[in-house]
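Work through the exercises below with the sequence and the model open. Each task is followed by a stepwise solution.

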Amino acid sequence: MGLPRLPRPDEVALHIHSREGGRVGPISRRGLQRQLASGAIPEDARLWMEGMEGWGWLREHREALLADLDAPSVAPRSPEESEDDYLDRVFGGLVRSSWDYLEEHRFSTHIDEVFLGAVITSTLDVGYSLIDLKSDGTHHYLRFEDLQDQSRIVVRLTHLTSGLALSKVLGQRSSAVIGYGEKLGNVSKIMTAIRAEMKSGYIRDPEPGTITVDGDLSSGYVYCQVDLYLDIDAYVERDYTVHHDKLATHIGATTHALRKYLRGRFA
Amino acid sequence: MFNLMQNFAHKAEMRESKDEILLGEIVRVMSRRGHPTIQFRANDDIQQVQFKTVRDPLLHSVFITLDRKTGSGALSAALLGSKATLRITAEVKNRMADPDDLIAMYRTDLANMFKMPVLGGIKLNHEMNSVLATLQLVVELDHYILKGDPGIEKLDALLVSRIDALKEKLEPYKK
């Protein structure tokens, strides 16, 4: 099976799978070259890129994929080439390999914002509207409302592993507080929630599964919220593919549990 | 009385949230088109989102900025409607690596420094490796939100047509 096309040297298009290393990618041809040289990708790995019907053997495409990679930056100066052209070519090679690094670094920095957009899309898909958004690039706050029944979902997300080195070691992690709120329309119930909120204030570091309560007298809303740690890699692939179904299921299950808790406690 | 106050507060909050509702729909429309978000800058009045135009052979990213102008209060909403400026910037990124190209790009950067965006028109700008095309329009938020699928389809058509117009301007600059 041939390649549908030869990707550009820095284009992240190759998916690699091996028994030892599991699934890697997508990576660029330059990335493949580095990982083959370091032994991170074995010679008997399988390869897939968009346009291929199924996984092929890497060894069958290795020569084509790596053939021209060294040429622009390290090929020796030929007698016909001027020194000016040769130095420009060396400089060009340095810049191109820097782009590779930068793309990888940028992805590790903005993956939380890819995830945030996915949270918005998945929550809108189940009938909510975004009614508040605040973000400083690391800390994100979203509030949604179902405009029919006026129930609300609140999501506070903080990216914990921003930066290439940290994310390589730990994976892409974030802390998330997911809340579910309903308008109770009863002063005594809201006051109960506000008292519970004061108690929640004594919990310095809520552990996963701890449900805290928040009440807002002016709007009449009572919220129940839970602290979670999420592995963003489980929802967002390196090629920006988002697993919306998985995300929608996880948000749906969390809000379902919070709704049960809120109604059980304040009904 | 308590319920009346709550309903009043809720209505005011919904009126103030119209720009966020539209932004949420923009994020969903772009996501369905295969363009995930990669940057958010959002505060009370202005929201900017950058989208990665994955698998687009021409564009690197699109920035959409929504700036609420009228309709946060009941009086201004009744008199002027809920208007916002929608600024769309499309970015082509050229991975410049040749010193001669870099010199040419620097001259264009300098020439573009004093150009101002024109409402409805498209402004082109070079910034280092990027060539940017921007247009700005005034939108009535109520035309696109809280209208179900017809509103979303209208928003989708608006974004696609405007991004296509920007792409057309940028095509000659892709290297």
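**Exercise 1. Classify A:Leu166 as buried, partly exposed or exposed, and place it in its patch.**

Step 1. A:Leu166 has 38% relative accessibility. Buried means under 20% relative accessible area, exposed over 50%, and partly exposed in between (1.4 Å probe, protein chains only). A:Leu166 therefore counts as partly exposed.

Step 2. Find its element. A:Leu166 sits in helix α5 of chain A, residues 164-170. Helices (H or I, at least four residues) and strands (E, at least two) are DSSP runs, numbered from the N terminus.

Step 3. Find its partners. A:Leu166 joins A:Val169 and A:Leu170 in a nonpolar surface patch. Together they have about 280 Å² of accessible area. Accessible areas come from the Shrake-Rupley method with a 1.4 Å probe; for residues, only the protein chains shown count as cover. Patch residues have over 30% relative accessible area and no salt bridge; like charges are joined within 9 Å, nonpolar side chains (Val, Leu, Ile, Met, Phe, Trp, Tyr) within 5 Å.

A note on the source: this is a predicted model, where local features need pLDDT of at least 70 and side-chain atom pairs count only at pLDDT 80 or more, while totals for chains, interfaces and linings use all residues. Residues are numbered from 1 along each chain as its sequence is written, chains are lettered from A and ligands numbered from 1 in the order in which they are written, and side-chain values use heavy atoms, with hydrogens and water left out.

**Exercise 2. Which residues form the negative surface patch, and which element supplies the largest share?**

Step 1. List the members. They are A:Glu83, A:Asp84, A:Asp85, B:Asp100 and B:Asp101. Asp and Glu count as negative, Lys and Arg as positive; His and the chain ends are not counted. The charge is placed at CG of Asp, CD of Glu, NZ of Lys or CZ of Arg.

Step 2. Assign the elements. α4 (83-125) of chain A and α4 (99-112) of chain B each give at least two residues. The largest share, three residues, comes from α4(A).

Step 3. Check one member. B:Asp101 lies in helix α4 of chain B. Its relative accessible area is 31%, so B:Asp101 is partly exposed.

**Exercise 3. Trace the salt bridges of A:Asp125 to B:Arg28 and B:Arg32.**

Step 1. Set the rule. A salt bridge is a side-chain nitrogen of Lys or Arg within 4 Å of a carboxyl oxygen of Asp or Glu. The count over all chains is 18 salt bridges.

Step 2. Take B:Arg28. Its side chain meets that of A:Asp125 at 2.9 Å, N to O. This pair crosses between chains, from helix α2 (residues 18-32) of chain B to helix α4 of chain A. B:Arg28 is buried at 11% relative accessible area. A:Asp125 is partly exposed at 45%.

Step 3. Take B:Arg32. A:Asp125 and B:Arg32 form a salt bridge at 3.3 Å, N to O. This pair also crosses between chains, from helix α4 of chain A to helix α2 of chain B. B:Arg32 is exposed, with a relative accessible area of 56%.

**Exercise 4. Locate both ends of the salt bridge between A:Asp239 and B:Arg55, then name the network around A:Asp125.**

Step 1. The A:Asp239 and B:Arg55 side chains meet at 3.5 Å, N to O. The pair crosses between chains: A:Asp239 is in the loop between β10 (221-231) and α7 (244-266) of chain A, and B:Arg55 is in the loop between β2 (46-52) and β3 (61-68) of chain B.

Step 2. Compare burial. A:Asp239 is buried at 16% relative accessibility. B:Arg55 is exposed at 51%.

Step 3. Name the network. Salt bridges that share partners join A:Asp125, B:Glu25, B:Arg28 and B:Arg32.

**Exercise 5. Where do A:Gln150 and A:Tyr240 lie, and what is the phi of A:Gln150 and of A:Tyr240?**

Step 1. A:Gln150 is not a glycine, yet has a positive phi of about 65°. A:Gln150 is in the loop between β6 (139-145) and β7 (152-159) of chain A. It is partly exposed at 25% relative accessible area.

Step 2. A:Tyr240, also not a glycine, has a positive phi of about 75°. A:Tyr240 lies in the loop between β10 and α7 of chain A. It is buried, at 11%.
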